[in-house]
Amino acid sequence: MFRPDLSGYDDSMNVQTARTLLQEGQASLRAAYERHNNAVALLRGRTRWVDRVLCDLWKKQEIPDEIALVAVGGYGRGELYPASDIDLLLLVPEGLDVSHHPRIESLIGKFWDSGLDIGHSVRTINECLHESAQDITIQTALLEVRPLCGDAALFSAFCKKFRETLDPIAFFKAKELEQEERYARYQDTPYSLEPHCKESPGGLRDLQMIRWLANATGLKSSPEDSRELAQTETFLRHIRIRMHYLAGRREDRLLFEFQERLAASYGIQASAAKRASEILMQRYYRNAKRVTQLNSLAIQSFTPPLPTTNIINEYLQIKGDMLDIRDDAVFEHTPSV
């Protein structure tokens with residue numbers, strides 16, 4: 001696996017040094033990817049570059065010791081694509097007012113000036129818990145956190161309280177509804193002519209959904225399903241990486257203008273009957289179909305047991321908040337029901 005050379009860093013790093021080293025890191029990672037075609041090495045490699053730059057700038061700014069810098073979301077799980085943004089949480093203790101803290105403001109400015117696309121929030125533990133209870137997107141991002149620098153005890157306290165307040169059943173229901181809404185935005189099909197390799201049905205988000213549910217509920221996939229998850233994810237990772245490189249920006253849609261060049265990057269040749277882009281898209285659609293199948297199976301396996309049953313009549317009953325039939329053959333015997 002390719003590991004970036006971080007020897008150029010020192011404690012005197014300034015914004016220009018950070019910008020230069022990040023650019024050099026991106027170039028090194030791309031060259032290594034083109035040589036070895038290793039998606040995981042690229043994602044983790046960019047994460048390591050960014051980790052070191054952020055922490056060195058943090059030290060240079062002399063941020064108060066009682067604050068913690070935390071990676072969340074995709075950055076938290078160590079997956080930074082070539083044009084991914086960087087999601088950060090500045091975790092502060094209760095009672096510390098940093099709303100206009102000059103060093104914090106300066107730090108965020110330096111992060112931006114170094115060339116990173118930063119998304120950040122500044123919250124106490126209680127504020128994190130309150131916001132995550134109101135917004136499933138925030139709760140999901142906080143499910144994948146990783147300490148970068150600062151107060152380790154504060155970070156540990158956050159993790160403990162977050163897990164104590166996480167309701168797996170409520171999380172499952174909210175994520176299921178969120179996925180239904182996401183599917184509707186993409187016409188409930190993985191077969192769009194210009195699919196979004198992250199958000200469309202059959203995209204990376206479907207695979208992340210499985211891992212989020214496993215993380216929240218503690219349930220695991222079978223070894224066979226785990227292998228299939230890894231295979232389908234590897235294909236989508238390569239698609240997304242190459243789209244970012246081809247577009248020169250964060251572009252996750254397989255736009256027509258890029259499909260031929262994307263096929264060429266895989267070495268796909270046109271046949272007598274099909275263009276190279278058509279062959280590539282057929283591969284994409286097969287992979288997307290399998291992803292949606294794995295996602296559907298996972299949701300079924302993660303579905304929590306239904307609570308107590310309330311009988312309505314001889315045909316119908318209520319389980320939890322769902323209307324159910326008491327006999328699987330009721331519609332054959334009594335169609336009028």
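## Cysteines

In this predicted model, Cys197 is buried, with a relative accessible area of 0%. Cys149 is likewise classed as buried, its relative accessible area being 15%; both values fall in the buried class because the cut-off is under 20%.

The structure contains zero disulfides. For Cys149, the closest cysteine sulfur is that of Cys55, at 3.4 Å, which is too far for a bond. A disulfide requires the two sulfur atoms to lie within 2.5 Å, so the pair Cys149 and Cys55 does not qualify.

## Overall composition

The chain has 337 residues, and buried residues account for 46% of them. Its secondary structure consists of 13 helices and seven strands. Taken along the principal axes, the box filled by the C-alpha atoms is roughly 80 × 65 × 30 Å.

## The four-stranded sheet

Four strands form an open sheet with mixed pairing, in the order S3-S2-S1-S4. Its edges are occupied by S3 and by strand S4 (145-150), each of which pairs on one side only. On average, neighbouring strands of this sheet are turned by 25° against each other, with direction ignored.

Within this sheet, S2 and S3 run parallel and are joined by six bridges. Strand S2 covers residues 86-91 and strand S3 covers residues 118-123. At the level of single residues, Leu90 has Val122 in S3 as its bridge partner.

## The three-stranded sheet

A further open sheet is built from three strands in the order S5-S6-S7, with antiparallel pairing. Strand S5 (309-311) and strand S7 (322-325) each have a single partner strand, so one side of each is left without a neighbour in the sheet. From one strand to the next, the twist averages 35°.

Strand S6 spans residues 316-319 and pairs with S7 in the antiparallel sense over four bridges. One residue pairing can be named here: the bridge partner of Ile318 is Leu323, in S7.

The loop between S5 and S6 contains Glu314. This residue, Glu314, is exposed, with a relative accessible area of 60%; the class follows because exposed means over 50%. Glu314 and Glu224 are 90 residues apart along the chain, and their C-alpha atoms are separated by 42 Å.

## The largest pocket

The volume of the largest pocket is about 820 Å³. Its lining comprises 39 residues; those nearest the centre of the pocket are Gly73, Asp87, Thr137, Ala141 and Arg205. By class, the lining holds 17 charged, twelve nonpolar and ten polar residues.

Several secondary-structure elements supply at least two lining residues each. The helices that do so are H3 (73-76), H6 (136-143), H8 (168-185) and H9 (204-217). The strands that do so are S2 (86-91) and S3 (118-123). Helix H8 provides the largest share of the lining, namely six residues.

The lining also connects this pocket with the four-stranded sheet. Strands S2 and S3, which are joined by six bridges, both contribute to the lining of the largest pocket. Of these two, S3 is an edge strand of the sheet.

Notes: Residues numbered from 1 in each chain as written. Predicted model: local features only at pLDDT ≥ 70, side-chain atom pairs only at ≥ 80, totals over all residues. Heavy atoms only, no water. Buried < 20%, exposed > 50% of the residue type's maximum accessible area, 1.4 Å probe, protein only. Pairing = 2+ DSSP bridges. Axes fitted to C-alpha atoms, helices over the stretch in contact; angles between N-to-C directions. 1 Å grid on protein atoms, 1.4 Å probe; cavity = no way out; pocket = protein on both sides within 12 Å on 5 of 7 lines; lining within 4 Å. Points joined across faces, edges and corners; volume = space filled by probe spheres on them. Nonpolar A, V, L, I, M, F, W, Y, C, P; charged D, E, K, R; others polar.
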